[in-house]
Amino acid sequence: MSIISTSSSVSSFIKSRVSHRTGLSTSTSLKVSSLSSSRTCCPCASVSFKSKVRSMAELVEDKKSVNKNTRADVELSLDSEDDNKFNGGHSRTFLDAQTEQELLSGINKEIDAGKLPLSVAAGLEELYKSYRNAVVQSGNPRADEITLTNMAATFDRILWDVEDPFTFSSYHKAIREPFDYYVFGQNYIRPLINFRKSYVGNISVFGDMEDKLRQGHNVILISNHQTEADPAVIALLLEKTSPHIAENVTYIAGDRVVADPLCKPFSMGRNLICVYSKKHMNDIPELAEMKRRANTRSLKEMAMLLRSGSQIIWIAPSGGRDRPDPSTGEWFPAPFDDSSVDNIRRLADHSGVPRHIYPLTLMCHDIMPPPPQVEKEIGEKRVISFHGVGLSVAPEINFNEIASMHENPEEVKVEFSRALYNSVTEQYNVLKSAILENQGLKASISSVSLSQPWQ
């Protein structure tokens, strides 16, 4: 996931003072609603900031995430989704599979029926085996059942999208009904996390964020980015203590996670602002201008969202996932693009709503590492493992304090980005000591207090 980093485009956009568009009043429910593929959302301008504060102050009791990891629960959720589609020809090959052999043979069955393209089918058996091995590695006595249940649902969702491709709008709201794609994604990643060796840093800061959101303020998370599973990792580690944050983060998402057939069903369960990463802007030169125009639309959507208040937005200003050092194999947060950090800061400042910017750190590369190098082609190989993960956040970093120490605006931009990156790196090193070096809670330092809130 990434955010575009063209300062001039943001400057001209801010100066244009894009008018508000009506069409969707911002919901304060902890359960985000479904959105059709053809519908573009924007916050309603008629909702005043004060009313937003009042409505957020009246948040309903946080609902707990439901773990639908039984075959019956998945069948019920899928069967109730749209009987008309099943009657209209959607295959139940994967849902009806009772064994691994039946599930995998269903791939060839759907190829022969002309419903599953070879380009999509090629990675399914490999994905199944990698996922099965990871779940078995966990030692869970229900590993076979969990694997079959989750992979049957995954294959079915992939086939469903092949039959009726979903198109993401610039601003996509998580689809929670009639099929709950959020819970689907949570249940897929949950068995891959070794919670006994997972940690959250500075859990109290997440509580401070929720207070700010209830006041109608915006929260911006400046983060590193490790895997396609980052949103699920964040939500799983926070679901017991901060379920509102877990379910309501809006992620700045690159085009690959909304275009790859094996990734799309999981992206459908997240709130997204969809952009084209600058790393892939010129992969196909004749499409570069179209991508720039699409990014401008996404900027407008993000501005509208921020003006509505009570938003929590995650961005990775590195423009892509972290990669290991090719010479040492050591993982580290990829450097931030200063302009990307400045872009989101200025958009938030021009929203007219108080904003707070926090450095957030993720460590989860082992459960689903990206390819060693950035690839142009969509359809990367998925390697999946069972492993401990980490999430940490530091107190917000005050832009005005940094600005007061420098006269040159360019220096301010660089120093603010550097302060955020240094904090992310410090937190990453603590998580690394806790997880990879087996120090556990003893890896805590004065600025990063680790805990396991699910214990």
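**Exercise 1.** Which residues point one way from strand 7, and which the other way?

*Solution.* Start with the ground rules: this is a predicted model, where local features need pLDDT of at least 70, side-chain atom pairs count only at pLDDT 80 or more, and totals for chains, interfaces and linings use all residues. Residues are numbered from 1 along each chain as its sequence is written, and side-chain values use heavy atoms, leaving out hydrogens and water.

Next, find strand 7 at residues 355-363; strands (E, at least two residues) are DSSP runs numbered from the N terminus, as are helices (H or I, at least four). Now split the strand: Arg-355, Ile-357, Pro-359, Thr-361 and Met-363 point one way, while His-356, Tyr-358, Leu-360 and Leu-362 point the other way. That fits the usual pattern: in a regular strand, side chains alternate between the two faces of the sheet.

Finally, check the cover: nine of the nine residues are buried, meaning under 20% relative accessible area with a 1.4 Å probe, protein chains only.

**Exercise 2.** Work out how strand 7 pairs with strand 3 and strand 8.

*Solution.* Two strands pair if DSSP finds at least two bridges between them. Take strand 3 (residues 218-223) to begin with: six bridges join it to strand 7, and the two run parallel. One place to look is Asn-218, whose bridge partner in strand 7 is Arg-355. Then turn to strand 8 (residues 390-393), which pairs with strand 7 in the antiparallel sense over four bridges; here Leu-360 has Val-393 as its bridge partner.

**Exercise 3.** Where do strand 1 and strand 9 stand in the sheet?

*Solution.* Write out the order of this open, nine-stranded, mixed sheet: 1-5-4-6-3-7-8-2-9. Strand 1 (171-172) and strand 9 (450-451) are at the edges with a single partner strand each, so one side of each has no neighbour in the sheet.

Definitions and conventions: Buried means under 20% relative accessible area, exposed over 50%, partly exposed in between (1.4 Å probe, protein chains only).
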